[in-house]
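Me: I'm new to this structure and would like a close look at one part of it. Could you start there and then show me what else is around?

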Amino acid sequence: MRIDKFKRIHFVGIGGIGMSGIAMVLLEMGYKVSGSDLEPNSLTRKIEMLGADVFEGHHASNLSDDTGLVVYSSSISKDNPELREARRRKVPVAHRAEMLGWLFNKRRGIAVTGTHGKTTTTSLISVMLENSGLDPTVIIGGEIAQFDGNAKAGNGQYCVAEADESDGSFLNLDPLYAVLTNIEMEHVDHFKALGDTIFAYRSFINNLKKGGVVFYNLDDQNIKALLRGFQGNRKSFGFSKDADMHPIDVKMNGFDTSFRCVYKGRVLGEVKIKIPGIHNVLNAMAAILVGLELGKKFDDITDSIKDFSGAKRRFQLRMEKDGIMLIEDYAHHPTEIRAVLSACRNWKNRRVIAVFQPHRYTRTKFFSSEFGRCFDGADKLILTDIYAASEKPIRGVSVKNIYDRVKAEGFDDVKIIKKEAIAKFLMKIKKPGDMILILGAGDIKKVTEELRGRLAADSADGGLIKKFKKSFKGKLLTGEGLFHHTSFRIGGRTDVWAQPEDEKNLRRILLFVKTNKIPIFIMGNGTNILARDEGFRGVVLNLGSPFFKKVMIKGTTVHIGAGFGLSKLIRLCCLNGLSGIESLVGIPGSVGGAIYMNAGGYTNPIYKNMGNLVASLRVMDYSGRVKNLKKGALKFDYRRSNLEPYIILSATLKLEKGDRDNLFPSCSRFLKMKREKQALDLPSAGCVFKNPPGAQFTCGQMIDMLGLKGKRAGGAQISERLANFIVNRKGATCKDVLSLIDLVRRKVRE
């Protein structure tokens, strides 16, 4: 498939782990991208920050006039309104795997597939190539800190990706290298028998390009059966001494795993990784084999992966408080659950409380006997209702099937609890020294988040927050990471993250913090904010609930909630033929934040400023009193306003009538200008320094003239495009950014 001819590529279900990765890579390659999903998440927010238009909900109107290609995944129904609209317009439609195949054809593809271990193995290979300076393109089925997400577009010759076998769509790929971790019966909604699964994998490895290599797990009997008669190049790893590579002297302690690596009878040296479990020894050896094939030295390979601490939701330590460890894992197959519980043995004398949400009715029905035997490593087991994914219920299939099998196997300490009640129950039974393990591929992560908040509140303030929570409607999280909410992807944890349901609850929390003398900070979409590494000791307030995102358009007047995204507002105005806001495209903030900071290009006449558009504001002061401010009471200046005493609730904007056919191209021109000059493809907080009044040069020009472009401190870098941007290249801290700010100030002063 050639996609160069398409003006805009639209992703239906863009927030999914596979779809988002491809969308991000295309954005970083310079393609125009839009997409939709049922609800926003951290991935959709990142995609928006990269310049995409992202819509909440699936509607035919989400397809713009310049949409040239619509991409979908197997989880999207054929009756989806956006797919129906694409068919009506005769817009080409492509499966996610076809897009991945296109990316593979542009580079030397490394595809990782198998029933278990794909994400970790793909991550290890990707990190190895990145840290070795090969700058790969990466698409992973999980988020990792190294790439601040699940994807990156590199300029190197390699593309590393998970090859999804779940629906057979991995047959769209023609990789140069393929890694087979293991093969089991798993996706019973698609494959009716093990023979069908093996046949699909055999077809996959037959797609290998000439000169390609298969790296495979010799211990897996189904892979052995698959490779009978295979004439291509192959290299094996496993615990058997017959494998090309096997480990000796395996040691595990907590999160640390080490072993000595033997390759074709020769001891290469020691390997250390920061991910627990015997299964991760296999994943590490697969990555090492690939590295050796690419000509990398063993010591360089092991050094490149020694600090890798795993992917998100793969034995991820979410919290450790008062002697209690909270671990989250994506495991949803009996084999995966056994492996995770085996890894828990690295911690001696801990009581393991496992919480499991079954995933799909078909899987529950097919594996109910195996589920009955896979929880032996747990001391207590809590089961909850099945997460259906896209499936319809099957008569006679429920979580009770697993419960009955577990009891029949002699495991007595097991309960079925509704998902909404699990966190509360765990708070009652928890003890210091417990390891609480949250397992599943569905929305069980909501239990993790609620439990994190309860654990933090339980020990942080003697129950003050807990007491307030009873009278508060909205989202109230304790210990929330600010790096999730800032465009810089930097920041420690805040004591409390509060998202009130409406104005009444906003007033309630303002009175609470005032009465208890608790510091408060208002955060919109987290742009132009640098959060400290130690976090914020107080309440961070966010107007992200639907109440603060209401919008109404009457003629050229727009009534808009402060929590509405600026990029969405721009698109909405263009759709309604309203002009005057196009130059603000590419600013990922909320409407309230954009007004407060008078976002725009204050000193550049071709750019409008947000303050120019405001006719009136509805605001609340910090005592909870609401006011309506007319235009005459508002003062806007260079990156500032006189709104410091207030929280903006909503705004009335006055725009002009425009030609809809010209508005979208105008947005594209502005976005192109910004992309050419600014680092929109990397996490940042926009321009850092204000231009001095009357200065001959802008801040960016002065920094450039001093030769500071590209200067780094840790993971932070002065942008090589616009010198007034500091970007987060990889794992930057607040301390890194502040050191660059101090460097610039010192050099300019000198």
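Is H333 buried or exposed, going by its relative accessibility?

Reply: H333 counts as buried because its relative accessibility is 1%. Buried means under 20% relative accessible area, exposed means over 50%, and partly exposed is in between, using a 1.4 Å probe and protein chains only. One thing to know early: this is a predicted model, where local features need pLDDT of at least 70 and side-chain atom pairs count only at pLDDT 80 or more, while totals for chains, interfaces and linings use all residues. Residues are numbered from 1 along each chain as its sequence is written, and side-chain values use heavy atoms, with hydrogens and water left out.

So where does H333 sit? It's in the loop between β17 (324–329) and α10 (334–343). Helices (H or I, at least four residues) and strands (E, at least two) are DSSP runs, numbered from the N terminus. The H333 side chain reaches the backbone nitrogen of T335 at 3.0 Å; a polar contact is a pair of N or O atoms within 3.5 Å, and within protein one must be able to donate a hydrogen and the other to accept it, with residues adjacent in sequence counting only if both atoms are side-chain atoms. Setting aside neighbours within four places in sequence, H333 is in contact (heavy atoms within 4.5 Å) with H116, E184, M185, E186, F367 and F371.

Now step back along the chain to β17. This strand holds E328, which forms a salt bridge with R313 in the loop between α9 (298–305) and β16 (316–321), 15 residues apart. The closest N and O atoms of E328 and R313 are 3.6 Å apart. A salt bridge here is a side-chain nitrogen of Lys or Arg within 4 Å of a carboxyl oxygen of Asp or Glu. Side chains of opposite charge can pair when their charged atoms come close. E328 counts as buried at 2% relative accessibility, and R313 is buried too, with a relative accessible area of 9%. Both belong to a network of salt bridges that also links R318, E449, R452 and E480.

β17 also gives a way over to K431: leaving aside neighbours within four places in sequence, K431 is in contact with I324 and R351. K431 has its place in the loop between α13 (419–429) and β21 (434–439). Unlike buried H333, K431 counts as partly exposed, at 48% relative accessibility.

Helix α13 brings another charged pair, K419 with D443, which sits in the loop between β21 and α14 (445–460), 24 residues apart. Their side chains meet in a salt bridge at 2.7 Å, N to O, and both K419 and D443 are buried. The structure holds 29 salt bridges in total.

How about sulfur links? A search of the whole structure finds 0 disulfides, a disulfide being a pair of cysteine sulfur atoms within 2.5 Å. Take C734: its sulfur is 19 Å from the closest cysteine sulfur, in C687, which is too far for a bond. C734 is buried, with a relative accessible area of 5%.
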